[in-house]
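Okay, thanks for coming, everyone. I'd like to walk you through a structure today, so have it open in front of you and stop me whenever you like.

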Amino acid sequence: MGRWTRSARIALLSFVVTFAVAVFFFGVQRRSPTRAVAVDRADATAIIQSSDSRITLAGGSIIEADRQFAYEDGSARLVGVSVTVPPDEESTGFRMYGDEASGVEEAGEWRFAGNVGIETGDGLAGRTSEAAYSEANRRVAMPQPAEFEQGWMRLAGEAARYDLGGGLLHLDPQAVVTLNATGAGSAARTTITAGSARIDRLGGDMRFTGGVEIDSAGWRMRGNDASLQFDPDASRLDALELRGAARILGSTGTPGRLRQMAARTITVAYEDGAIDRAILAGTAVVELFGPPDAAGTRIAGRTVTVALGGGGALRSLTAVEQVAVDLPSLPSEAGGARVTADTVEIGAGEEDGWNAAFDGGVVYREPGARGGGETGGDRVLRASRLEAKLAEDLASLGEARFLGGVGVEDGSLAASADEATYDVGNAHLTLTSGESGGTKPRVEDTRGDTQADTITLTLGAQGMDATGSVTSVLEALAEAGAENGRRPGLLAAGESVYVAADRLAYDPDLSVATYSGSPARLWQEQAEFVGASIALNESTGSLEAEGSVRTRTTIVQKNDETGDVEALTTVGSGGSMAYDDATRRVIYEGNAGLRNPRSDLSAESIEVLLQGDARTLDRTLASGDVVLELPGRRVTGETMAYDDADGRYEMEGDPVEILEQTEDACRETTGRTLTFFITDEVQVDGGGEGRTSSTSDGCVSLSPGP
């Protein structure tokens with residue numbers, strides 16, 4: 001399409017002069033009797049009339065009329081009129097015609113009526129029933145419905161105005177513009193309706209106001225106002241701006257495709273005539289289609305930039321400021337998840353699905369998630385950055401990596417780390433200190449506080465697997481056997497329990513925490529348990545240890561010499577140790593040992609039975625190569641039973657041997673059974689089947705005491 005030039009505007013001005021000359025010509029006819037010949041008095045009020053007139057002006061402009069009438073008041077009326085301004089080197093020319101034209105030279109205004117048409121040399125053709133031209137503002141006003149065509153454009157309005165000076169067309173009210181764009185990716189048709197429109201055909205610009213609606217190849221667009229830029233020569237769209245409650249709607253219904261975009265302002269860029277990119281500014285929202293009868297992903301921000309493909313397919317998306325992404329598909333009854341951040345960038349992954357990067361104040365929230373055995377409450381993860389895999393329909397997270405200052409809230413559980421990887425489908429969260437080796441991950445819950453190099457949580461169920469320099473501080477309980485996390489009776493109530501190991505595995509179904517390492521250690525101020533592994537059952541209060549076990553506990557027992565009750569620090573050892581809190585029983589197996597300031601016992605198996613307080617000794621049982629050392633006394637046999645109430649030892653063997661150091665001799669007594677007390681009383685076989693011998697030499701094999 002050519003552009004209007006100064007010469008073209010001058011040519012249009014000649015159109016006005018043409019009308020003036022015509023009126024003048026009619027006036028001259030009226031004053032010259034020789035020319036005033038009336039042939040057909042079709043209008044009795046006219047003082048001059050003629051037919052089939054054609055006037056050519058000096059500039060080449062032509063006025064043609066089937067009939068012309070001149071009146072006493074200086075006005076003129078032309079029937080079947082056509083005015084043509086020819087093109088020149090810088091103009092395209094102009095033609096306007098109608099059934100009639102009337103006007104007054106002095107006023108410089110002319111009115112066309114009946115089948116009015118406007119044609120420009122660059123291809124614009126308009127039709128209306130009535131038009132008025134004003135010489136003062138060089139406008140053609142069309143107060144009745146008007147339609148225009150030019151190449152790929154179809155333009156219409158309930159009324160219209162055409163500015164000759166700039167080639168501007170105004171459609172007001174109720175503008176309708178139809179564009180049949182060209183280009184490889186162009187829509188077959190774009191239809192725009194609005195309260196009014198301003199069309200700058202030469203400048204490639206259209207302005208719409210008053211309830212704009214656009215329908216274009218499956219896209220429906222709305223806004224209070226709109227601006228459209230186009231290439232006049234290529235007949236294709238370049239850019240569109242929707243302002244005021246702007247909205248773009250998709251129609252494919254395919255999950256993951258664009259359902260709608262909404263913002264205060266939406267700017268659309270076209271590539272080869274097809275929508276390529278949209279920038280949403282001011283409370284921007286992008287919604288995607290979800291499965292049938294289900295919501296899709298919703299992305300909001302102060303500004304959102306969307307790159308689009310055919311059929312509403314998303315190519316990439318960037319949102320900044322007050323970003324919120326709602327992901328409706330979550331593998332739990334809690335429903336969807338929401339991520340908020342300062343910015344988000346979403347792009348296609350190398351394989352199926354999408355990559356998303358959230359930055360600045362990231363908050364991931366799963367409403368109604370179950371945590372710590374509790375219903376309700378949100379599962380919340382916070383970080384400086386989130387890198388995530390999104391499903392193909394962008395409705396759910398796959399693996400999510402949280403970076404920088406990670407914080408976790410899940411019911412009664414709270415955790416922190418430098419980095420965290422969240423497997424959403426399996427609710428597995430792995431906490432690490434990251435490549436920088438910064439702050440160690442930490443988890444706090446109703447059980448206590450745990451730190452390690454790496455901690456993996458099963459959220460909701462609250463399972464835990466921690467590795468690398470594991471340390472735990474288990475909460476102090478009012479009672480050792482409290483219902484909310486029972487502690488072994490061997491431990492002091494009201495005191496925290498400390499654990500160190502290489503690994504912790506907590507089974508929430510069994511409420512069993514298993515610590516392992518080289519070695520694992522569980523302790524309080526006056527109690528300690530060490531082994532290759534230690535298992536604490538928090539539902540029963542039982543405690544088990546395996547592998548080179550060593551224990552230190554405080555056991556209350558009677559001093560047989562003084563009759564007083566005293567608390568003795570007791571050290572146990574063996575290949576394994578098991579404490580049953582229900583029966584108050586401790587069993588050491590495999591090269592077992594039990595030692596306190598008063599005795600030293602070793603055997604293949606040692607069983608300690610405690611009273612109800614789990615601190616006071618009731619009985620001690622041993623079997624398999626039993627060796628008992630007391631001050632000045634050493635006893636060996638196959639089994640041993642000690643009753644603390646009366647200080648009585650019962651031993652059996654084949655034989656039982658007791659070696660005693662007296663004041664002046666070493667006495668050895670043997671038999672099949674042997675009962676003795678801390679005092680010197682010894683009963684052998686109960687039937688006198690034993691034997692006793694003495695030597696003046698000391699018992700060199702006896703130690704001074706345990």
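**A walk around the model**

Let me begin with a proline: Pro173 sits in the loop that runs between strand 11 (168–171) and strand 12 (175–179). The peptide bond leading into that proline, from Asp172 to Pro173, is cis, with omega near 5°. Before I go on, please keep in mind that this is a predicted model.

There's another cis bond further along the chain, joining Asp654 and Pro655, and omega there is about 5°. Pro655 is found in strand 41, which covers residues 648–661.

Let me step back for the overall picture. How many helices and strands does the protein chain have? We're looking at 1 helix and 44 strands. The chain runs to 706 residues, and buried residues make up 48% of them. As for surface, the accessible area of the chain comes to about 30,700 Å², with 46% of that belonging to carbon and sulfur atoms. And if you take contacts between residues at least 6 apart in sequence, 43% of them join residues at least 24 apart.

Now for some strand pairing. Find strand 31, residues 463–474, and strand 32, residues 497–507: those pair in the antiparallel sense over 9 bridges. If you want a spot to look at, the bridge partner of Thr471 is Ala500 in strand 32. Strand 32 also pairs with strand 33, residues 512–523, again antiparallel, over 8 bridges. Here you can look at Leu504, which stands opposite Tyr515 in strand 33. Strands 32 and 33 form a hairpin with 4 residues between them, and Ser511 in the turn has a positive phi of about 60°.

Speaking of positive phi, let me show you a couple of residues inside strands. Gln322 isn't a glycine, yet its phi is positive, about 55°. Gln322 lies in strand 21, residues 314–327. Is that glutamine buried or exposed? Gln322 has 59% relative accessibility, so it counts as exposed. Then there's Ser548, also a residue other than glycine, with a positive phi near 50°. You'll find Ser548 in strand 35, residues 543–558. At 67% relative accessibility, Ser548 counts as exposed.

Next, an arginine I'd like you to zoom in on. Arg201 lies in the loop between strand 14 (196–200) and strand 15 (205–216). Its relative accessible area is 0%, so Arg201 is buried. What does its side chain make polar contacts with? One partner is the side chain of Gln150, at 2.8 Å. Another is the side chain of Tyr162, at 3.0 Å.

Other arginines come up with aromatic rings. The charged end of Arg77 sits over the ring of Phe69, 4.3 Å from the ring centre. Arg447 lies over the face of Tyr506, at 4.1 Å from the ring centre. You've already met the strand that Tyr506 belongs to, as strand 32 covers residues 497–507.

That brings me to the aromatics themselves. A pair of rings gets described by the distance of the centres and the angle of the planes. Searching the whole structure turns up 6 aromatic pairs. Take Tyr649 and Phe676: the ring centres are 4.8 Å apart and the planes are at 10°, so this pair is stacked. Tyr649 lies in strand 41 and Phe676 in strand 42 (residues 666–677), so the pair ties together parts that are 27 residues apart in sequence. Yes, that's the strand 41 where we found Pro655. Are these rings' residues buried or exposed? Tyr649 is buried at 5% relative accessible area, and Phe676 is buried at 0%. Elsewhere, ring pairs link Tyr364, Phe402 and Tyr422 into a cluster.

Last stop, a glycine. Where is Gly377? Gly377 is in the loop between strand 23 (354–366) and strand 24 (379–390). With a relative accessible area of 47%, Gly377 is partly exposed. Gly377 and Ser412 are 35 residues apart in sequence, and C-alpha to C-alpha they are 9.6 Å apart in space.

That's my tour. Happy to rotate the view to any of these spots while we chat.

Methods. Residues numbered from 1 in each chain as written. Predicted model: local features only at pLDDT ≥ 70, side-chain atom pairs only at ≥ 80, totals over all residues. Heavy atoms only, no water. Helix = DSSP H or I, 4+ residues; strand = E, 2+ residues; numbered from the N terminus. Buried < 20%, exposed > 50% of the residue type's maximum accessible area, 1.4 Å probe, protein only. Pairing = 2+ DSSP bridges. Polar contact = N/O pair within 3.5 Å; in protein donor to acceptor, adjacent residues only side chain to side chain. Phe/Tyr/Trp six-rings, centres within 6.5 Å; stacked < 30°, edge-to-face > 60°. Lys NZ or Arg CZ within 6 Å of the ring centre and 35° of its normal. Contact = heavy atoms within 4.5 Å. Areas by Shrake-Rupley, 256 points an atom, 1.4 Å probe, with all protein chains shown as cover.
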